[in-house]
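Please follow the charged side chains through the structure shown here, and consider how they pair and how far each of them is open to the surroundings.

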Amino acid sequence: MLIYTERMDVIVYTKRSCSWCERVTIFLREKNIPYEEREVYFNPSYMDELIAKSGETKTPTLDIDGEMLVDTDKEQLQAYLRQRGMI
C-alpha cells in the first residue's frame, strides 16, 4: 500500500450554505487532510483570488499544491487524490 507522506497545501474555496462544499470539507476531515477554507461569498478578496487562480466563481474549488480542481465534488476529489497516491 502506498502512503503519501509529503505535506500538501490545500485551499478550499467555499460559499456559505453550499452542500457540495460541505461534503468536500467533511471528506478532507475524514481523511485527516489539513486544509484552509476560504469562504468567498462574504470575503471579496477571496473571491478575487479564486477568479484570478481559476477563472471561475464556482465552488467548491480546490487549490492543491497549485493545481486547481474547479467546481468539483467529493467523488472527483477522491479520484484525484487516489490517482496521485495521496489517499
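A residue is called buried when its relative accessible area is under 20%, exposed when it is over 50%, and partly exposed in between. The model is a predicted one, and it holds five salt bridges.

A good place to begin is arginine 38, which forms a salt bridge with glutamate 49, their closest N and O atoms lying 2.1 Å apart. This pair links distant parts of the chain, since arginine 38 belongs to strand E2 (residues 36-39) and glutamate 49, eleven residues apart from it, to helix H2 (residues 44-54). With a relative accessibility of 13%, arginine 38 counts as buried, whereas glutamate 49, at 23%, counts as partly exposed because its value falls between the two cut-offs.

Glutamate 49 also meets the side chain of lysine 53 in a salt bridge, at 3.9 Å from N to O. Because glutamate 49 and lysine 53 are four residues apart in helix H2, about one helical turn separates them. Lysine 53 has a relative accessibility of 34% and therefore counts as partly exposed.

Elsewhere, glutamate 67 forms a salt bridge with arginine 84, and here the closest N and O atoms are 3.5 Å apart. This pair, too, links distant parts of the chain: glutamate 67 lies in strand E4 (residues 67-69), and arginine 84, 17 residues apart from it, in the segment after helix H3 (74-83). Glutamate 67, at 36% relative accessibility, counts as partly exposed, and so does arginine 84, at 33%. Finally, Glu36, Arg38, Glu49, Lys53 and Asp63 are joined into one network by salt bridges that share partners.

Notes: Residues are numbered from 1 along each chain as its sequence is written. This is a predicted model: local features need pLDDT of at least 70, side-chain atom pairs count only at pLDDT 80 or more; totals for chains, interfaces and linings use all residues. Side-chain values use heavy atoms; hydrogens and water are left out. A salt bridge is a side-chain nitrogen of Lys or Arg within 4 Å of a carboxyl oxygen of Asp or Glu. Helices (H or I, at least four residues) and strands (E, at least two) are DSSP runs, numbered from the N terminus. Buried means under 20% relative accessible area, exposed over 50%, partly exposed in between (1.4 Å probe, protein chains only).
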